[in-house]
Amino acid sequence: MPADLHPEAVTAAVRNPDPFIDLGHVRQVFRTQSGGEVVALDDVNLQIRDGEFVSVLGPSGCGKSTLMRIIGGLASPTSGETRIDGEPVSGPSPLVGMVFQQPALFPWRSVLRNVTLPAEVLKLPKKAAEERGKELLETVGLGHATHLYPYELSGGMQQRAGIARALLHDPKILLMDEPFGALDALTRESMGLELLRVWESTKKTVVFVTHSVNEALFLADRVVVMAARPGRIAEVHEVALPRPRTLDLMATAEFSQAADHLRQLLGAKTGD
Ligand SMILES: Nc1ncnc2c1ncn2[C@@H]1O[C@H](COP(=O)(O)OP(=O)(O)OP(=O)(O)O)[C@@H](O)[C@H]1O
Ligand SMILES: [Mg+2]
């Protein structure tokens with residue numbers, strides 16, 4: 001029997017149909033100023049499905065941002081392969097939108113003109129970009145703020161504008177590196193709920209880096225737990241919590257059990 005028709009191979013294929021993001025044996029080594037080496041990522045293997053929401057959790061320095069930069073085509077690994085929709089990643093792709101901890105809006109551009117910036121970079125039609133920019137600002141709750149300037153916005157509003165900007169060119173993948181790290185706890189919770197709403201309505205594939213166990217668990221279908229020195233995947237945790245998610249889920253026993261499990265993996269001594 002050919003190997004690919006073996007019953008186990010068929011079952012595995014049904015369980016994991018063509019991964020949308022596929023990292024195979026990814027290794028990233030950096031040289032330090034003193035001539036040493038830092039293994040930022042060591043043999044990282046990860047498959048993410050189209051439309052999946054994956055959180056990445058791990059201590060500082062375990063390679064989370066490095067991983068995001070590699071998926072986003074902003075860095076190429078020392079060895080290993082990254083594919084998006086079957087194609088090797090060789091540079092930034094229009095399939096990807098990125099959101100960082102600081103939204104880095106241009107102070108001299110209005111909210112709408114910040115959001116439509118990718119259209120200028122990608123040379124997309126201006127009128128259509130403006131229409132889409134307005135729609136997206138509605139979606140993230142900033143419909144009233146299109147003509148304001150970044151200094152007139154709260155941190156949460158700026159981050160919403162950053163999300164709208166990342167979605168402008170309709171990427172299939174949203175890479176978010178600690179997007180809510182600079183926000184207060186209450187704003188952070190409401191941003192999480194809003195992100196889930198956007199994710200459910202746009203069917204994007206989301207990779208979301210956070211230091212918060214609760215946030216990782218609340219949002220995701222799976223939580224990738226990383227460890228440091230060398231940076232690697234320690235465990236991939238399937239989240240069995242029902243959707244749609246509401247904040248009262250965090251008060252349930254099943255949520256606490258899963259969170260405790262993740263905290264043990266992280267070796268954390270305190271909750272968050
Ligand atoms: N361009 C670079 N040159 C040298 N070393 C680097 C570079 N980028 C990252 N590193 C090192 O690689 C390791 C992983 O860094 P990375 O920024 O990916 O960690 P992280 O998990 O995102 O951390 P944090 O939670 O603090 O953001 C660290 O030891 C860091 O010092
Ligand atoms: Mg980082």
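# Group meeting: a walk through the model

Okay, let's start at Val38. Leaving out anything up to four places away in sequence, Val38 touches Gln28, Val29, Phe30 and Thr32. Before I go on, remember that this is a predicted model. Val38 itself sits in strand S2, which covers residues 37-48. Buried or exposed, or somewhere in between, for Val38? Its relative accessible area is 39%, so Val38 goes down as partly exposed. And if you want a distance for one of those contacts, Val38 and Gln28 are 8.4 Å apart, C-alpha to C-alpha, with their positions 10 residues apart in sequence.

Staying with strands, go to Gly24. You'll find Gly24 in strand S1, residues 21-31. Which residues does Gly24 contact, once the neighbours within four places in sequence are set aside? Val44, Asn45, Gly80 and Glu81. Take Asn45 from that list: Gly24 and Asn45 are 21 residues apart in sequence, but their C-alpha atoms are 4.8 Å apart in space.

Gly24 is also where an annotation begins. The UniProt record, an unreviewed entry, has "domain: ABC transporter" over residues 24-253. In the model, that span is 31% helix and 27% strand, and its end C-alpha atoms lie 36 Å apart. The label comes from the record, while the percentages and the distance are computed from the model.

Next, strand S4, residues 79-84, and in particular Thr82. At 5% relative accessibility, Thr82 is well under the 20% cut-off, so we call it buried. What does Thr82 touch, not counting residues up to four places away in sequence? There are Asp22, Leu23 and Val26, then Ile70 and Ile71, and then Glu87, Pro88 and Val89.

Ile70 and Ile71 bring us to helix H2, and both of them are buried. H2 covers residues 64-71, and 6 of its 8 residues are buried, so the helix is largely enclosed by the rest of the structure. Besides that isoleucine pair, the buried residues of H2 are Lys64, Thr66, Leu67 and Met68. Just after H2 you get to Gly73, with a positive phi of about 75°.

One more buried residue before the helix pair: Ser110. It's in the loop between strand S6, 96-99, and helix H3, 111-115. Ser110 has a relative accessible area of 7%, so it counts as buried. Its contacts, again without residues up to four places away in sequence, are Thr146, His147, Leu148 and Tyr149.

Right, helix packing. The pair I picked is H6, residues 155-167, and H7, residues 185-202; their axes are 11 Å apart, at an angle of about 20°. That angle makes H6 roughly parallel to H7. As for handedness, the crossing of H6 and H7 is right-handed. Which residues make the contact? On the H6 side we have Gly156, Gln159, Arg160, Ile163 and Leu167, and they meet Thr187, Ser190, Met191, Glu194 and Val198 on the H7 side. By type, the residues in that contact split into 4 nonpolar, 4 polar and 2 charged.

Now the backbone, which I suspect some of you were waiting for. As background, most residues other than glycine have a negative phi, and most peptide bonds are trans. Let's do phi, then omega.

Asp170 has a phi near 55°, so positive, in a residue that isn't glycine. Asp170 is in the loop between H6 and strand S7, 173-177. With 45% relative accessibility, Asp170 is partly exposed.

Go past S7 and there's Glu178, in the loop between S7 and H7. Its phi is positive too, near 45°, and again the residue is not glycine. Is Glu178 buried or exposed? Buried, with a relative accessible area of 17%.

Then the cis peptides. Where does a cis bond join Arg229 to its partner? At Pro230, with omega about -5°. Pro230 is in the loop between strand S9, 222-227, and strand S10, 232-238. There's also a cis peptide bond joining Arg243 and Pro244, where omega is about -5°. Pro244 belongs to the loop between S10 and helix H9, 253-266.

If you're opening the model after this, here are some places to look. Check the contact of Thr82 with Ile70 and Ile71, the right-handed crossing of H6 and H7, and the cis bonds at Arg229-Pro230 and Arg243-Pro244. That's what I had.

Note on methods:
Residues numbered from 1 in each chain as written. Chains lettered and ligands numbered in written order. Predicted model: local features only at pLDDT ≥ 70, side-chain atom pairs only at ≥ 80, totals over all residues. Heavy atoms only, no water. Helix = DSSP H or I, 4+ residues; strand = E, 2+ residues; numbered from the N terminus. Buried < 20%, exposed > 50% of the residue type's maximum accessible area, 1.4 Å probe, protein only. Contact = heavy atoms within 4.5 Å. Axes fitted to C-alpha atoms, helices over the stretch in contact; angles between N-to-C directions. Parallel < 35°, antiparallel > 145°, perpendicular 65-115°, else oblique. Left-handed = near helix turned anticlockwise from the far one by under 90°. Nonpolar A, V, L, I, M, F, W, Y, C, P; charged D, E, K, R; others polar. UniProt positions renumbered as here; feature names shortened; annotations may be inferred.
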